[in-house]
Amino acid sequence: QEHRAEVAANYLEAWRIELKDHFDEEERLLGPLAPDEDRRRLLEEHAQITEMTGTVEAGDITPAHLAALGQALNDHIRWEERSFFVAIENHATEEQLAKLAEGTHELEKRRWTHSPKREELVQRRLNQKP
């Protein structure tokens, strides 16, 4: 129970510092460039993960819920890497991709200066990788 509470607290901290903003910016920057079906899936999966996060915030830290949330995040990230980003690369114009690069550069500058805890969070994640 104590370990699960720590896992949930760490996840919620990551949600507040990075993930929620990441979802919002992804929808803003990438959503308009994606084919309709991919945009719908992006929004649906973001909504599902957001809802599951709300359940953790409300105290549901059962092993089943935390595992389902972890699986939903993993599946979402893998879909983005394997399909979503590829669809955008194939669908967007060179001009749109150049604007996207500018937008993501500005986003990263803001994210690093906006949240002093973000660097700590990123370092923690890097240290956990095998």
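**A conversation about His76 and its surroundings**

Q: Leaving aside neighbours within four places in sequence, which residues does His76 contact?
A: His76 is in contact with Glu26, Leu42, Glu45, His46 and Ile49, once its neighbours within four places in sequence are set aside. Contact means heavy atoms within 4.5 Å.

Q: What sort of model is this?
A: This is a predicted model, in which local features need pLDDT of at least 70, side-chain atom pairs count only at pLDDT 80 or more, and totals for chains, interfaces and linings use all residues. Residues are numbered from 1 along each chain as its sequence is written, and side-chain values use heavy atoms, with hydrogens and water left out.

Q: And what is the average pLDDT of the chain?
A: The protein chain averages 89, on a scale from 0 to 100 that gives the predictor's confidence in each residue. A score of at least 70 is reached by 85% of the residues.

Q: Which elements have the lowest and the highest mean pLDDT?
A: Helix α5 (residues 116-128) has the lowest, at 65, and helix α2 (residues 36-57) the highest, at 98.

Q: How many helices and strands are there in total?
A: The protein chain has five helices and zero strands. Helices (H or I, at least four residues) and strands (E, at least two) are DSSP runs, numbered from the N terminus.

Q: Back to His76: where does it lie, and is it buried or exposed?
A: His76 lies in helix α3. His76 counts as buried because its relative accessibility is 2%. Buried means under 20% relative accessible area, exposed over 50%, and partly exposed in between (1.4 Å probe, protein chains only).

Q: How far apart are His76 and Leu42, C-alpha to C-alpha?
A: They are 8.3 Å apart in space, with their positions 34 residues apart in sequence.

Q: What about Glu45, which residues does it touch?
A: Not counting residues up to four places away in sequence, Glu45 touches His76 and Trp79. Glu45 belongs to helix α2 and is buried, with a relative accessible area of 14%. From Glu45 to Ala72 the C-alpha distance is 8.0 Å, although the two are 27 residues apart in sequence.

Q: Does the span of α3 agree or disagree with its number of residues?
A: The span agrees: the 29 residues of α3 (residues 63-91) should cover 42 Å at 1.5 Å a residue, and the end C-alpha atoms are 40 Å apart. The expected span is 1.5 Å times one less than the number of residues.

Q: Where does α3 bend?
A: The bend is at Glu80 and comes to about 45 degrees. A bend is the angle between axes fitted to the seven residues ending at a residue and the seven starting there. Glu80 is also one of the buried residues of α3, a list that includes Leu69, Ala72, His76, Trp79 and Phe84.

Q: Changing topic, how many aromatic pairs are there?
A: The count comes to four aromatic pairs. Rings of Phe, Tyr and Trp (its six-membered ring) pair if their centres lie within 6.5 Å; planes under 30 degrees apart count as stacked, over 60 as edge-to-face and the rest as tilted. The rings of Trp79 and Phe84 have centres 5.0 Å apart and planes at 35 degrees, so this pair is tilted. The pair of Phe84 and Phe85 is tilted as well, because the planes are at 55 degrees, with the centres 5.9 Å apart.

Q: Are Phe84 and Phe85 buried or exposed?
A: Phe84 is buried, at 0% relative accessible area, whereas Phe85 counts as partly exposed at 32%.

Q: Which residues form an aromatic cluster?
A: Tyr11, Trp15 and Phe23 form one. Helix α1 bends by about 55 degrees at Trp15, and Tyr11, Trp15 and Phe23 are among the buried residues of α1.

Q: And Glu25, what is it in contact with beyond its neighbours within four places?
A: Glu25 contacts Leu30, Leu107 and Arg110. Glu25 sits in helix α1 (residues 2-29) and counts as buried at 12% relative accessibility.

Q: How far is Leu107 from His22, by C-alpha atoms?
A: Their C-alpha atoms are separated by 9.5 Å, with the two residues 85 apart along the chain. His22 also lies in helix α1, and it counts as partly exposed at 29% relative accessibility.
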